[in-house]
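Reader: I would like to learn how to read the features of a model such as this one, step by step. Could we take the ligand surroundings before the rest?

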Amino acid sequence: MLSNEQIVEDVLEYWWEKGEDVKAVILVGGEGTRLRPLTFNTPKSMVPILNRPFLEHMIEYLKGHAINDIILALCYRPDHIQRYFGDGSKFGVKLTYVVEDPPLGTAGAVKNLEEHLDETFFVFNGDIFTDLDLTAMMKFHRGEGSKVSIALTPVEDPTTYGVVETNAEGKVKRFIEKPSPDAATTNMINAGAYIVEPDVLSHIPKGLNFTFERGLFPLLLERGVPVYGYQSDAYWIDIGTPESYLKLHHDLLMGRVAKGFPGERAGEGIWVEEGCDIHPQAELKGPIIIGRNCVIGSRAQVKGPSVIGQGCRIGKGCLIDEAIVWQNTCLGQGVSLRRCVVAENVFIGDRSRVMEGCVLGDNVVVGPDEKLTRGTKL
Ligand code: GTP
């Protein structure tokens, strides 16, 4: 006789191998206000990470866990995403799009695409980068007989997050929003990745703005529905702010998360894509990635961790030090960038300096000899 545990294992393995049955919903409808000005034209899930849209990395991650059937819940700037990914076949997955107008909140968005969901499914915030083991999380979910399992990740300072208190088996006891240091009984926060049973959707009101965090989860606890927290110390970051956007690049380039880089290896930690014209007297210090068709002038210095998008022009004597530059941006001569993000089609005049923490949105023009002080956003 097989034990219940073995049966669960067997079913799960069979189900997982079949692959096509496991669906994932990715929530990509938010306006991404905290990441402005980078998100004025570009939805948060399309901001480049190592010169590819964030969502492409997410899709690759799901594919790595045999999840090939993905539903995208869109709202803000949906065309941008649909144009790039099409039906998903170029990326080896099947994509279904459901567009909301007006936005329905994280749980309302899932309710809105209920007709596509009749088996246990995953939901992901479309701004988290993680190497969470989804197979292990599914085993946990099945093993506990959970209706909703929430991935939990530890943070150093839980006082600015919603923390999730669980018992020894992982069953959620309480959600505490932004606890004071004395009230913080745990540093485990909601990582924005869930496994949900389809019957849970009956608890979400249709057509109303409703969130998982403040709406559905507390309601499920009140109604005695079993909700579990799956604790993991896997790599996790949400790219919701310019600081965390830079931090993800830093971590990827410094090798804190395993990830292949685009382009040819042109030296220690230096990756250059095709068609670049790099002056022999330019100085490159990895880890850096330089996108296609860039021109880098003489005595320019590029110091890692940095990324330069395709089609950029970096003038003579520029200094790029721990900066992320999007495509088709042009730096005059002697420009310096330090620990900042510069979006696409930006022009920066000769000798201007962009200091730490600055964020320049698309199409910004900075004249010569300007100094953008720490933290400037344009
Ligand atoms: P901020 O404005 O900076 O808070 O960002 P945001 O609008 O993206 O909100 P938040 O970071 O809380 O959202 C978490 C995830 O849910 C993101 O991937 C959002 O795109 C997504 N999201 C938030 N609200 C909605 C919504 O109403 N509909 C859909 N489809 N997705 C949403």
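Reader: By class, how many residues in the shell around the ligand are nonpolar, polar or charged?

Author: In this predicted model, the shell around the ligand is made up of eight polar, six nonpolar and five charged residues. That shell has 19 residues, and those closest to the ligand are Leu27, Thr33, Glu100, Gly105 and Gly126.

Reader: Which polar atoms of the protein lie beside the oxygen and nitrogen atoms of the ligand?

Author: A polar contact is read here as a pair of N or O atoms within 3.5 Å, and three pairs can be described in those terms. A polar backbone atom of Gly126 lies 2.8 Å from an oxygen atom of the ligand, while an N or O atom in the side chain of Lys44 is 2.9 Å from a ligand oxygen atom. A nitrogen atom of the ligand, in turn, is 3.1 Å from a backbone N or O atom of Gly29.

Reader: How much of the ligand does the protein bury?

Author: The ligand taken alone exposes 610 Å², and 81% of that area is buried by the protein.

Reader: Which elements give two or more residues to the shell around the ligand?

Author: These are β1 (23-28) and α4 (105-111), with α4 supplying the largest share, three residues.

Reader: Moving outward, how is the protein chain divided into domains, and how should I read the interface between them?

Author: The size of an interface is often given as the accessible area lost when the parts come together. Here the chain is divided into domain 1 (4-253) and domain 2 (264-372), whose C-alpha centres lie 34 Å apart. To the contact between them, domain 1 gives 14 residues and domain 2 gives 22 residues. Between them the two domains bury about 1,400 Å², of which 73% is on carbon and sulfur atoms.

Reader: What does Lys259 touch, and where along the chain is its place?

Author: Lys259 has its place in the loop between α7 (242-253) and β14 (264-267). If residues up to four places away in sequence are not counted, Lys259 touches Leu50, His57, Glu60, Phe129 and Leu252. For one of these, Leu50, the C-alpha atom is separated from that of Lys259 by 9.9 Å, although the two residues are 209 residues apart along the chain.

Reader: Turning to backbone geometry, which peptide bonds are cis, and where are the prolines found?

Author: The peptide bond from Arg36 to Pro37 is cis, with omega near 5 degrees, and Pro37 is found in the loop between β1 and β2 (48-49). Gly304 and Pro305 are also joined by a cis peptide bond, with omega about 0 degrees; Pro305 is found in the loop between β20 (301-303) and β21 (306-308).

Reader: What is the phi of Arg299?

Author: Arg299 is not a glycine, yet its phi is positive, about 60 degrees. This residue is found in the loop between β19 (295-296) and β20.

Note on methods
Residues numbered from 1 in each chain as written. Predicted model: local features only at pLDDT ≥ 70, side-chain atom pairs only at ≥ 80, totals over all residues. Heavy atoms only, no water. Near = heavy atom within 4 Å. Polar contact = N/O pair within 3.5 Å; in protein donor to acceptor, adjacent residues only side chain to side chain. Areas by Shrake-Rupley, 256 points an atom, 1.4 Å probe, with all protein chains shown as cover. Helix = DSSP H or I, 4+ residues; strand = E, 2+ residues; numbered from the N terminus. Nonpolar A, V, L, I, M, F, W, Y, C, P; charged D, E, K, R; others polar. Domains from an automatic or database assignment. Contact = heavy atoms within 4.5 Å. Buried area = accessible area lost by both parts, 1.4 Å probe.
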